[in-house]
Protein chains: 2
Amino acid sequence: MTTSVRQTRPPQPTLEMVAEVAGVSRATVSRVVNGSTRVGPEIVAAVTTAVEELNYVPNRAARSLASRQTQALALVVPEDMTRFFGDPYFAAVVQGITRRLDQSDFTLNLLVASSDPQHKTLRYLRSGNVDGALIISHHTGDDFVAELETTMPVVFGGRPANADNLEAYFVDVDNAAGADLGTQRLVDLGRRRIGTVTGSADMPAGIDRLTGFLRALERAGIPTDAVEHGDFTVQGGAAATRRLLERCPDIDGLFVASDLMGTGALDVLREHGRSVPGDVAVVGFDDSPAATRGSVPLTTVSQPSEEMGFAMADVLLRRLADDADDDDDDDDDDESVPHRTIMPTRLVLRESA
Amino acid sequence: MTTSVRQTRPPQPTLEMVAEVAGVSRATVSRVVNGSTRVGPEIVAAVTTAVEELNYVPNRAARSLASRQTQALALVVPEDMTRFFGDPYFAAVVQGITRRLDQSDFTLNLLVASSDPQHKTLRYLRSGNVDGALIISHHTGDDFVAELETTMPVVFGGRPANADNLEAYFVDVDNAAGADLGTQRLVDLGRRRIGTVTGSADMPAGIDRLTGFLRALERAGIPTDAVEHGDFTVQGGAAATRRLLERCPDIDGLFVASDLMGTGALDVLREHGRSVPGDVAVVGFDDSPAATRGSVPLTTVSQPSEEMGFAMADVLLRRLADDADDDDDDDDDDESVPHRTIMPTRLVLRESA
DNA sequence: TTGTAGGCGTTATCAA
DNA sequence: TTGATAACGCCTACAA
């Protein structure tokens, strides 16, 4: 061996080379590679041998150019990295998506993008890199989505923010019902001065959970003024709790719109000398790992985040399959894939309430 | 508007269509799109107008097929999702990588892959989806890497596990020196019964940090038997600490090979009624957000994780640029891109030691 | 400076 | 069942 050879990379084998080795045409190799049944057994064997001998792997670009498909999906997350990695909710959703995709031969492209304001992301999407897109953590302002939908099938995690979006496909839980459930727990515990730290006001999940909270309080005839806005981050949750404590020092119950914010709330409560659940009972939302990470294990409204990711991928895959079938036929919608998939929430009792 | 139109997606515009609208040839449009300077100003204007009018975006597959480049990189992480999302170290590295890539027009493909044992991942890589790969958290067993290097330029985060890999490019810190530094802090504090919770034994970072720990103790003439193996997870760190406490109940100093494991250690220490740093002084490694997440802020050996990600991407991009230049010329290595990039560590003092 | 033409590695449409 | 032969959308000599 010479000591310093420039690593020269052998060119990847092509269909043509395989065809030559196997003594058949490119078309036949293509059939074998793609698992067509209409090929003679001994030919299949010959091709398979050649493929392994040459260590052949099909070129994705060429395949996608010819077939107009990529076998890839994008997961678009309009948040910055810190946020994305900071909230276990995202981890669960990604986990679910990949679990579904592992059963297919689609791959996932993660697009975490608030830094470069959607421009690069949108270009990436529009340049035919993927067959469809999954969008989570969608904010009111993220209207690049509208354009996206005209380009490729899209499925949302959480009801999309655009009010006009009646045709949108999404997977969600009934956030209002969930929040109601969580708040009711506080009521049932006999708490009568109940506050909330909301999620982002520009996200349906934030808005709906507030709605559910208010509904429960009104039903119980409890004042609904103890509301402070958070943003689904630990810091935001902590800050909101601080403001709440300042404004309403007498609260004895707190509904926090996410477990992550819940940990922030717990910190502030302790910092202010309030015991949990003694002085203040706390209920979170998500049932993410964050729920058990704080000083007190959180009672929380559980949503099946991972299952939601799984369902999102599943819906998108089915839409894609449908599109492939429709060669021409009907324009009446069979509705084989439902636009909305609503998953259940349930209350998980731990120590905080 | 009809109520239920099957969303029919208009075909994406092509170079050819732009050419027609602008009244020039495809070649010219291609030049303009790719920013060639050798084009008349008014032609550039015409083409630009046409591009915007049609909302044209180049097709990646076609471009990549013709140019034999993808303008995409892969980040390969041979870990499961839970682990990937659980350790802030990865978040920092990804952050750094994307920060570098944002200055280029390369995109990043994240491949978190221990589930499907590398098969799908390897196929993805080998089918020409990316121009190069970044690999972090590389274990001894992950030998698929060897094959990868023959296919495309690769840069490692952390010295690769394969001993024979002299030609490998990587970005790392001097783990042994860092661990030595951290351990020395415990010695300087007057601790004389010092233990360690190591990282994974099949990863260079784990091994080297143990080496540094041992070196510091030997220098100080302190027994080196208080060693328990962790695996860079909270649970692993906690379990190792538990074993250590059982075996050496008298330890007064603890070097933990990662902050994440450090939080696990802190929990166990408290659970056993040991105060920190009173009874046991603790030093971590990484200086990740996990360092300040536990009950006591960790004194830790800081490594510039985000900068390391940035550097990894930078090295890979430069290798790629070099490869593009070398049309034929030399076979003596200019070594314009260094094989190893070693970043500094420093001790960050907080409350735990 | 601009246009022509060939090719990149597959898939898909025909015939045979 | 198999094999020619077009596309697919773009880049890139080469020629004008």
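Student: How do I read the protein's grip on DNA strand D: what percentage of the strand's atoms within 4 Å of the protein belong to sugar or phosphate?

Tutor: The figure is 60%, and the remaining atoms belong to bases. Please keep in mind that we are reading a predicted model.

Student: Which residues come nearest to DNA strand D?

Tutor: There are 26 residues around this strand, and A:T28, A:R31, A:R68, B:L15 and B:Y56 come nearest. By residue class, the surface near DNA strand D has 12 nonpolar, seven polar and seven charged residues.

Student: What polar atoms of the protein can I look for beside DNA strand D?

Tutor: Start with the phosphates. A backbone N or O atom of A:G40 is 2.6 Å from a phosphate oxygen of the strand, and a polar backbone atom of A:S25 is 3.1 Å from a phosphate oxygen. For a base, turn to chain B: a polar backbone atom of B:A62 lies 3.4 Å from a base nitrogen. Two or more residues of the surface near DNA strand D come from each of these elements: α2 and α4 of chain A, and α2 and α4 of chain B.

Student: And DNA strand C: how many residues surround that strand, and which are the closest?

Tutor: DNA strand C has 26 residues around it, the closest being A:L15, A:S30, B:R31, B:G40 and B:R68. They divide into 13 nonpolar, eight polar and five charged residues. Among this strand's atoms within 4 Å of the protein, 66% are sugar or phosphate atoms and the rest are base atoms.

Student: Which contacts with DNA strand C involve side chains, and which the backbone?

Tutor: Take the side chains to begin with. B:R31 places a polar side-chain atom 2.4 Å from a base oxygen, while A:N34 has a side-chain N or O atom 3.2 Å from a phosphate oxygen. The backbone example is B:A66, where an N or O atom lies 3.4 Å from a base oxygen. The elements giving two or more residues to this surface are α2 (26–33) and α4 (60–67) of chain A, along with α2 (26–33) and α4 (60–67) of chain B.

Student: Let's step back. How is chain A divided into domains?

Tutor: Domain 1 covers 15–58, domain 2 covers 72–173 + 307–343, and domain 3 covers 175–304. The C-alpha centres of domain 1 and domain 3 of chain A are 61 Å apart.

Student: How should I read a strand such as β2(A): which residues point each way?

Tutor: In a regular strand, side chains alternate between the two faces of the sheet. In β2(A), A:T107, A:N109 and A:L111 point one way, and A:L108, A:L110 and A:V112 point the other way. Six of the six residues of this strand (residues 107–112) are buried, so β2(A) is largely enclosed by the rest of the structure. Its pairing with β1 (residues 72–77) of chain A is parallel, over six bridges, and A:V76 stands opposite A:L111.

Student: What about β5(A): which strands does it pair with?

Tutor: β4 (residues 154–157) of chain A pairs with β5(A) in the parallel sense over three bridges, with A:V155 as the bridge partner of A:Y169. β11(A) also pairs with β5(A) in the parallel sense, over four bridges, and there A:F170 has A:R340 as its bridge partner. Both faces of β5(A) are covered, with A:Y169, A:V171 and A:V173 on one side and A:F170 and A:D172 on the other.

Student: Where does A:H339 sit, and is its position buried or exposed?

Tutor: A:H339 lies in the loop between α13 (305–325) and β11 (340–343) of chain A. Its relative accessible area is 17%, so A:H339 counts as buried, the cut-off being under 20%. The side chain of A:H339 reaches the backbone oxygen of A:E167 at 3.2 Å, and the residues that A:H339 touches include A:Y169 and A:F170.

Student: Which residues farther along the sequence is B:F84 in contact with?

Tutor: Beyond four places in sequence, the contacts are A:F85 from the other chain plus B:V77, B:F90, B:V94, B:L110 and B:V112. B:F84 belongs to helix α5 (residues 81–86) of chain B and is buried, with a relative accessible area of 1%. B:V112 is 28 residues away in sequence, yet the two C-alpha atoms are 7.5 Å apart.

Key
Residues numbered from 1 in each chain as written. Chains lettered and ligands numbered in written order. Predicted model: local features only at pLDDT ≥ 70, side-chain atom pairs only at ≥ 80, totals over all residues. Heavy atoms only, no water. Domains from an automatic or database assignment. Near = heavy atom within 4 Å. Polar contact = N/O pair within 3.5 Å; in protein donor to acceptor, adjacent residues only side chain to side chain. Nonpolar A, V, L, I, M, F, W, Y, C, P; charged D, E, K, R; others polar. Buried < 20%, exposed > 50% of the residue type's maximum accessible area, 1.4 Å probe, protein only. Contact = heavy atoms within 4.5 Å. Pairing = 2+ DSSP bridges.
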